[in-house]
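Me: I am new to this structure and would like to be led through its sheets, its helices and the relation between its chains, one question after another. Could you show it to me before we begin?

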Protein chains: 4
Amino acid sequence: MQLGMIGLGRMGAGLSRRLLRDGHTVAVHDVDPAAIDALAVDGAVPIRELSGFVEALEAPRAVWVMVPAGAITQRVIASLADVLEPGDAIIDGGNSYYRDDLDHAAMLGERGIHLVDVGTSGGVHGLERGFSLMIGGDDAVVARLAPVFRTLAPGVDAAPRTPGLTGEPVPGEEGWLHCGPVGAGHFVKMVHNGVEYGLMAAYAEGLNVLRNANIGSREHAQDAETAPLSHPEHYRFDIDTAAVAEVWRRGSVVGSWLLDLTAAALREDPDLAAYSGQVSDSGEGRWTSIAAIEEGVPTPVLTTALYSRFASRDLDDYAQKALSAMRKGFGGHEEKPTGE
Amino acid sequence: MQLGMIGLGRMGAGLSRRLLRDGHTVAVHDVDPAAIDALAVDGAVPIRELSGFVEALEAPRAVWVMVPAGAITQRVIASLADVLEPGDAIIDGGNSYYRDDLDHAAMLGERGIHLVDVGTSGGVHGLERGFSLMIGGDDAVVARLAPVFRTLAPGVDAAPRTPGLTGEPVPGEEGWLHCGPVGAGHFVKMVHNGVEYGLMAAYAEGLNVLRNANIGSREHAQDAETAPLSHPEHYRFDIDTAAVAEVWRRGSVVGSWLLDLTAAALREDPDLAAYSGQVSDSGEGRWTSIAAIEEGVPTPVLTTALYSRFASRDLDDYAQKALSAMRKGFGGHEEKPTGE
Amino acid sequence: MQLGMIGLGRMGAGLSRRLLRDGHTVAVHDVDPAAIDALAVDGAVPIRELSGFVEALEAPRAVWVMVPAGAITQRVIASLADVLEPGDAIIDGGNSYYRDDLDHAAMLGERGIHLVDVGTSGGVHGLERGFSLMIGGDDAVVARLAPVFRTLAPGVDAAPRTPGLTGEPVPGEEGWLHCGPVGAGHFVKMVHNGVEYGLMAAYAEGLNVLRNANIGSREHAQDAETAPLSHPEHYRFDIDTAAVAEVWRRGSVVGSWLLDLTAAALREDPDLAAYSGQVSDSGEGRWTSIAAIEEGVPTPVLTTALYSRFASRDLDDYAQKALSAMRKGFGGHEEKPTGE
Amino acid sequence: MQLGMIGLGRMGAGLSRRLLRDGHTVAVHDVDPAAIDALAVDGAVPIRELSGFVEALEAPRAVWVMVPAGAITQRVIASLADVLEPGDAIIDGGNSYYRDDLDHAAMLGERGIHLVDVGTSGGVHGLERGFSLMIGGDDAVVARLAPVFRTLAPGVDAAPRTPGLTGEPVPGEEGWLHCGPVGAGHFVKMVHNGVEYGLMAAYAEGLNVLRNANIGSREHAQDAETAPLSHPEHYRFDIDTAAVAEVWRRGSVVGSWLLDLTAAALREDPDLAAYSGQVSDSGEGRWTSIAAIEEGVPTPVLTTALYSRFASRDLDDYAQKALSAMRKGFGGHEEKPTGE
C-alpha cells in the first residue's frame, strides 16, 4: 500500500527501506534534502513540502511521523494536520509520551484525522531483523494499516512459537500488536523501554562484579575511614568478561539479544575503554517509573536502573556533597581521594 | 570417556542422559535406588555404594556431584574422598558457594584428589538445549575433562556467532568456559544467577505496570490517607500481557529466553492465578550481593531484585509494622485495609 | 489577628486551638456541626455556612483550608472563592499537590483572591510543640499573615540555634519559612514527606535486622530451593529493640524525633503485634519521586522507601507471581510455603 | 575506677578526657608519644609500653582499645593479651566487625582474659554530649565496668523520657546498653551505622530535589537522546536549602541531630562547594547489608544508601560503560557530554 514517512534518520530510513523492499509505495520527507535524495535513490517518492503528501498519496492517506519526541513531534503533527484531509491518518512512530497522544488525538479528531501511535523497537538492526511494533488507535484504522505493520514486523518465524501455539498466529506473534485505543501503543513501548533499562543494568552490574573479582590481588591502603577486605583470598579471580558473555549466550538462563550485543562490544573492547560511562536516558524509562508510582505498583528494579543512569551523569552531586558535609559535621571526617 | 554421577534429580539425570546419548560411559548413584534404576534403563552403570565407582571407572577417575549445596554437598564430597584415589577428580556441579570450593579443594588436595567446580545453567531444558558450563580448576584436569564438557554444552551453533568471530571457536563459544582456578566456575555462575534475578525482576515489574494500566477505570475510595489519582484518564488501558510478551519476543530489544518462558506461562494463565507469588531464592543471588558489597561495587538492581523476593515472603514484616507504629505515633494514623 | 478555618479534623482543630490560645480570633467551619461546636467551646466563632466568613472576618480576610487533598480541597476552594472578596486570601494548609496550587492560584487570581500554600508538619503533637510551616505565595500576603505563622510555629527556641547564628533569627529559624511563590510551600513540604519516608524506612529496616539477629538459633529446613545459612553462630543474638531505641536516643548519631516515637511504640509493644504492617502513603512521597524523575536527579533511597510501602500492601502481587511462573518455566521450581 | 586507654585519636582522647573529668584514673598509651603527653597534661597516667598497664592498674584490670578496626585492632589485642593477666578485661571500643569479636574472645578466653565489645557513637561531639554505648560481653564483666559506662554515656537526661517511663531508668535510658554476649555490642553498633547511612541519604536526596527545583528555569538542549521536560513551569523554584533545614529543625517530623549538623553545614556553605562528593564508607554499612542478606530480611533503603556511596566514588564505572556499549550496539547511540 501507500505510506508517507517524515523523518529519515536511522529509524525512519530503516522503516522506509523495509517497506520499499516489500513493494510498498513510500513518499518521504525530511528537513534535510539530502536525506530525501538518499531514499529517492532507493525508490521512494521525494516530498519537498508537507503539502506534497496530499498529491502523492491516495486518500485515505497515512503518514508516519518519525522525529524526536516532544516539541518537534508536536510541531510536525500540527503542520501535517493543516494539509491532510478528514479520513487520513497520522502515525506517530517516535518515542512520544502516551499522554501527548491523547492530546494529539483530540486535536486531530476535531478535523476528522486519525492518530495511530506506534511504539517501534528494533533500533539500527530493524531494517534486517524487522521492527517490533506496539500500536494504539481505533480498530478500523489499525486494521486498514495492517499490511504496513505486517511488512515492518519480523514475522512469526522470528522466534520459535510458544509451546501450544499452532495454526493461525495469535495477536502479537507476527511481531506487531494492536494494544488498545490511542496511547496504548506508546504505553506498552514505554514499559518496554523501562524493562530494557532494568535488563541492561542487570547485565552491567554483573559484569562489574566479575571485573572486580580480583580486588583481593590489588593493593589497598588501610585506615580508619576504609572498610578492610576481610578475606582477600576470596577475590583473586581474573575473569575474562568477553568469554563469559559468550558462554552465557549458549544454553544459560540469561541468554538474550542484549547479551549478544554485549558480547560483541566486549569482544572488541574488553576494558570498554572507549566509553566514558555517562549514560543518557530518553524519556520512556522516566515515564515508566512515573506510571508505576501513579498506579501505586512498585518497580524498584526499573527505577533503580533509571537512577543509576542519572548518577552516571553526576546528577546526584549535591546529594553526595551533603553526605560529605554531614560526615565532617559528626565525625570530623575529611573526604578522601577516590577508590580504596 | 567415563564419568561418575552422584545425584540423579532433575539436573543430574539430564546431565547423565545427555552424556549417554553421546556415547560416554556414565556410572550413576543416588540415595534413591529407583533413580539409579531409571538411569540404568537408559544405559548407565548402576552404582549402589560410593565405593563402587572405584571399580566401575578407570583411573584417573572423575565423579560429578550434583546434590543440594551446603551440608549435603560437603558430606558427599567427604565420603567420596574416602573411596577415591590420588589423581582422581571430583566435579562439584551444584550451586555451591565458591568459598566452599576453596575449602573443599584444600581438603582434597591433601589426598591428591582434584576439585573442579562447574556452575551449570540450563535447568530442565538442558537435556535438549545443552548446559551452559562455567568451570573452575587446574588447567590439566579441566583439559582432561574437555570431552565431557563438550558433550554437555550446547555447542557453538546454539547462538549466532558474535560478529567478527570466525574459524576456530574462542573460549566460551562452545558453551563451556574454563573461568580460572578452583572457585572461579561457581563465582561466575553465582553472578550469572544474580543477573538472572535482575532480569526476571525487570520483566515482572514491567508486566505489573501493564497489568495495572487500567487503574483509572477502577473504583477507589478517597480520604486523607490515600493519594488521589490525579488523572484517571491516563490509566484506562486493558493490556493483554500474553500478547505483549509475544510481540516483545520478535524484533524488540528485550527479547530473551526468559521472555520466551514468560510468554508460555502467560499464554496458559494470563492472570497467573495458579501462583501465590512467594518467591524463593537459592543462595547465588545472596552471594552475588555479598560479593558486590565486599568488592565495593554497587549492584543496586541485583540486590533490589533479591530484596523483592525476601519481601514477597513477608520477611520485611517487622519493618513494615514499625512504619505503621511510627505513623500512628506522629500522625495518629490508623492502618487501613489493603489496596486503595 | 483574625483567621477563618475550614476543616476541624486532627490538624485543623489543633491549629485553631493554638491560635486561640495566643489571642487570635478564629472563625471555624466543618461539615460536621459537632466539630464546630467543640471548637466554639474553646472560644472559636462558629460558622455554619461558608458565607458566614464574610461577616465574621474583617477584610482583607484570610481563610485557612485544612481538608483532604484533591477533589475535596478543590471543591472547598471553589466554594470559598464564590463568597470571598477581592483582596482576601485563601490558605491551603493541607497536603495538596503543588501543581494544583498553580491551577488554584490562577483561578483565584481572576477574582483578585490570593492563594497561600502552607505545608504543615507536626501531626497530632503540633498543638503543644508548634507546627513547622513551609509557605508559598506573594510577598505582601505572606507578610500580612506573619502573626498567624508566628503563633503556629514552634519558635526559635524549639531547637538550639545553629552554631554561628546569633541575634535576630534568620528565615526558617522561628519554624516557619516563606519558601517562594505559590506552590513553593507545598513543594518543600512534599520533599519533607519524601525525606520522612526515607528516614522511617531506615529505622524500620535496621530494627528488622536486629529483630532477626537470632536467626541462627531457629530451626530451618534445608533443601535445594533454600539458601543455607553458612554460619548460624553469627546470628544468635536476642536483641531488645526497645532498649536499643532508648540507647540510640542519647548521644548517638541517629537520634531524632522519629526515633523518640519509635521508642515509645516499642516500649508499649516490642513485638509490634498490634500492627498488620500494611503501610499507607498519602501522596507527597509519590510526588517527591516524580519530581526527582522529572528533574533528573536520583532519589534511590526515597523511592525505595515508597515502593516498600506499595509492596507492604501487596501491590507487587502480579510481578511476584510472574517470577514464580518464570522459575517454574526454567527450573521446574514449585513455590514453597513462606519462610525458610 | 581505673581504666587503660590505647589509641588517643579523636575518639580515644575524648573518651579519656570525659573519664578524667569525672574522677576516674586513666592510664593512656598511643604509638605517638606526643598524644600521650597531651593527655598526661590533663591528668592521665602516661604509659610508654603496653607492659606498663600491668603496673599502673590494679587487677582485675580493664584496658580500652580504640584503634582502627581490622589488622591494627587485632595486633593490639594480641599484644595486650601477652601482658595482661587472667581476670583482666580488654574492651574493644572501635568499629570492629562483630565476627572478629567472636574470634578475639575465643583467643583471649584461653588465657582467662575477658573481651567486652563496645560500639561507640557520638563522634567528635562525644566529649561534651556523652557517648552512646552498645555493649557486648559477659554479665559479670560488664557489670563491673558499669561506672565507666555511666560516666561516658550521656545519661538519662540527654533526652526526654519516653512517655510511660518513670522512676528508675530501664536499660538503655542512661545511654549505655548491655546488648548481649560478646559481639552483640558491635552488632547493634553495626546496624546503628547502617541506619545512619540510610538517614543521611534520605536528607541528602531531599536536598538535591530542592536544589534542582529550578530546573525549568535553566536552558536545556533538546534532541532524540534527551527526555524533554514536559512542564518546565512546574520547576521554577529557587529554594534556600539552608533556610529549609532550619524550618525542618523546628516542629517537623524530620527533625534530628543529623539535620542539625546539615543545617550548620548549609549555613556556612549553601552550595557545598567545599566538598567533592566522594563519600567513604567504613565497614558497618557493608556489614549491615551482609547481615540483612544472610538473615534473609530486606534492607533496600540501607543497601541503596551504601551503593550510592560506592557510586559516588565511581566504583560503578565498568557497569556504566557496559550500558553505553549496549546502547551503541542496539541504537547506534553515541555518548553525550554530561547533563541534559
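What follows is a set of questions and answers on this predicted model.

Me: Which strands are the edge strands of the open sheet in chain C?
Reply: In chain C, 8 strands form an open sheet with mixed pairing, and their order is S3-S2-S1-S4-S5-S6-S7-S8. An edge strand pairs on one side only, and in chain C this holds for strand S3 (45-46) and strand S8 (176-180).

Me: What is the bridge partner of C:Met134 in S8(C)?
Reply: Strand S7 of chain C, which spans residues 132-136, runs parallel to S8(C), and 4 bridges join the two. Within this pairing, the partner of C:Met134 in S8(C) is C:Leu177.

Me: At about what angle does helix H10 of chain D run to S7(C)?
Reply: One helix that lies across strands of chain C is helix H4 of chain C itself (residues 71-83), which crosses strand S1 (2-6), strand S4 (62-65) and strand S5 (89-92) and runs at about 170 degrees to S5(C). Helix H10, by contrast, belongs to chain D, where it covers residues 241-248, and it lies across S7 and S8 of chain C. Its angle to S7(C) is about 145 degrees.

Me: Is strand S7 of chain D largely enclosed or left open by the rest of the structure?
Reply: On one side of S7(D), D:Ser132, D:Met134 and D:Gly136 are buried, and on the other side D:Leu133 and D:Ile135 are buried too, so that both faces are covered. In a regular strand, side chains alternate between the two faces of the sheet. Because 5 of the 5 residues of this strand, residues 132-136, are buried, S7(D) is largely enclosed.

Me: Which residue of S8(D) is the bridge partner of D:Gly136?
Reply: On the side of strand S6 of chain D (residues 114-121), S7(D) pairs in the antiparallel sense over 5 bridges, and there D:Asp117 stands opposite D:Gly136. S7(D) is also joined by 4 bridges to strand S8 of chain D (residues 176-180), with the two running parallel. The partner of D:Gly136 in S8(D) is D:Gly180.

Me: Which residue of chain A comes closest to the rotation axis?
Reply: Chain A is superposed on chain B, with an RMSD of 0.0 Å, by a rotation of 180 degrees with 0.0 Å of shift along its axis. The two copies are therefore related as by a two-fold rotation axis, and 100% of the contact residues of chain A recur in chain B, so that the same surface serves both copies. Of the residues of chain A, the one whose C-alpha comes closest to the axis, at 1.9 Å, is A:Ser256.

Definitions and conventions. Residues are numbered from 1 along each chain as its sequence is written. Chains are lettered from A and ligands numbered from 1 in the order in which they are written. This is a predicted model: local features need pLDDT of at least 70, side-chain atom pairs count only at pLDDT 80 or more; totals for chains, interfaces and linings use all residues. Side-chain values use heavy atoms; hydrogens and water are left out. Two strands pair if DSSP finds at least two bridges between them. Contact means heavy atoms within 4.5 Å. Axes are lines fitted to C-alpha atoms, for helices over the stretch in contact, and angles run from 0 to 180 degrees between N-to-C directions. Buried means under 20% relative accessible area, exposed over 50%, partly exposed in between (1.4 Å probe, protein chains only). Copies are superposed by least squares on the C-alpha atoms of residues with pLDDT of at least 70 in both.
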